[in-house]
Amino acid sequence: MERPWKYLAAATFAASVMGLGVSPATAVQNFTDEAGQLLYSIDDQGIVSMFENSPGTDVTLSVTRGTREQMQPQVTEVIPEAVPAGSFTVLKLRGKNLVGATVKLSVPSIEVKAYTGKPKELDVPLQVPLDLPPGEVTIEVTTPIGRTTARFKTTEVQLGGSGPRPDVITHPGMGYGADEGARSIPTTAPVSCPAGMLGVASDGGGFCIEVDRTINGVFRKAEQACAIVDRRLCRLPELREACEQTVAGQLPLKNLLGAWEWTSTFEIEVDYSTYTEGAGNTKYYLLGKADCKTKHTAFETDARAYSGRCCK
């Protein structure tokens with residue numbers, strides 16, 4: 001997932017950083033993200049300032065300064081160290097100077113989903129193909145100031161076992177559609193959800209869902225909108241369960257019918273008559289136009305915008 005870095009004049013940036021005693025006005029070079037938020041600046045003495053911004057606002061949460069050598073990205077820990085084939089896993093990279101970091105994997109068949117970087121942590125959602133053989137994967141982490149590498153391993157498919165109690169299930173991490181790896185998940189509704197979300201009980205694992213639609217756009221825009229606020233697109237079974245409970249009067253969710261909504265559940269569509277390795281279009285499922293069951297499909301590259309909401 002590559003992101004273009006833009007160079008903008010210092011005078012165009014919001015004054016929110018001024019209250020922290022660091023001004024980009026003296027910067028020789030500035031680096032921003034796609035939304036124009038300041039990530040790094042370098043002054044005429046070569047001192048680098050790294051800015052952590054509150055997503056979607058002009059508020060700067062922290063500023064870290066140092067020489068270019070001191071501000072190089074570092075990864076000291078990768079969690080988990082091993083990821084099973086066929087799983088959807090959020091890989092946590094911990095270290096320092098990770099604001100604005102982008103990642104590139106040495107195994108192109110592992111799909112990297114939308115992510116955002118914080119000063120000391122980078123959470124990278126990965127979809128690992130079911131047929132990927134065990135091996136070592138190198139992660140190249142790049143910021144405007146430098147780059148570093150880290151590693152994790154892929155393992156064989158893991159089969160799930162029974163949970164420790166009746167209201168817990170084990171996700172085997174084998175299915176496409178954003179299954180979050182092999183782990184035990186309570187089937188009851190979460191006791192506490194973030195503001196604007198409600199807990200939903202489900203046989204596939206309890207989850208939090210946004211009360212109303214918060215997204216409208218193409219798939220990547222919808223996926224990134226959830227990632228920015230530390231959430232993810234709902235899976236097809238989750239959105240269906242929430243819809244059915246709302247229609248039955250068990251949940252007070254809004255606008256679950258009347259428009260197609262994105263989900264993260266997908267299939268790879270391949271034309272085997274012209275198949276080459278790595279070929280195939282990613283087709284995502286949508287739900288909610290008229291009822292809680294009928295599905296609609298759209299390709300990742302489609303230009304048409306659809307609604308959506310996030311889960312957690």
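In this predicted model, the structure holds 4 aromatic pairs, two of which are set out in the table below.

| Aromatic pair | Geometry | Centre to centre | Angle between planes |
|---|---|---|---|
| Phe-219 and Tyr-284 | stacked | 3.7 Å | 25° |
| Trp-262 and Tyr-306 | edge-to-face | 5.3 Å | 85° |

Because Phe-219 belongs to helix H1 (residues 219-228) and Tyr-284 to strand E20 (residues 281-287), their pair ties together parts that are 65 residues apart in sequence. Phe-219 is buried, with a relative accessible area of 1%, and Tyr-284 is likewise buried, at 0%.

The edge-to-face pair brings together two strands: Trp-262 lies in E19 (residues 261-269) and Tyr-306 in E22 (residues 306-308), so this contact ties together parts that are 44 residues apart in sequence. Both Trp-262 and Tyr-306 are buried. Ring pairs link these four residues, together with Phe-266, into a cluster.

Charged side chains also meet aromatic rings. The charged end of Lys-113 sits over the ring of Phe-266, 5.0 Å from its centre, and Phe-266 is itself a member of the aromatic cluster. Elsewhere, Lys-295 lies over the face of Tyr-285, at 4.5 Å from the ring centre.

Turning to strand pairing, E11 (residues 135-143) pairs with strand E8 (residues 102-105) in the antiparallel sense over 4 bridges, while 9 bridges join E11 to E12 (residues 146-155), again with the strands antiparallel. A hairpin of 2 residues connects E11 to E12. Thr-142 has a bridge partner in each neighbouring strand, namely Thr-102 on one side and Arg-147 in E12 on the other.

Terms used: Residues are numbered from 1 along each chain as its sequence is written. This is a predicted model: local features need pLDDT of at least 70, side-chain atom pairs count only at pLDDT 80 or more; totals for chains, interfaces and linings use all residues. Side-chain values use heavy atoms; hydrogens and water are left out. Two strands pair if DSSP finds at least two bridges between them. Rings of Phe, Tyr and Trp (its six-membered ring) pair if their centres lie within 6.5 Å; planes under 30 degrees apart count as stacked, over 60 as edge-to-face and the rest as tilted. Buried means under 20% relative accessible area, exposed over 50%, partly exposed in between (1.4 Å probe, protein chains only). A charge sits over a ring if NZ of Lys or CZ of Arg is within 6 Å of the ring centre and within 35 degrees of the ring normal.
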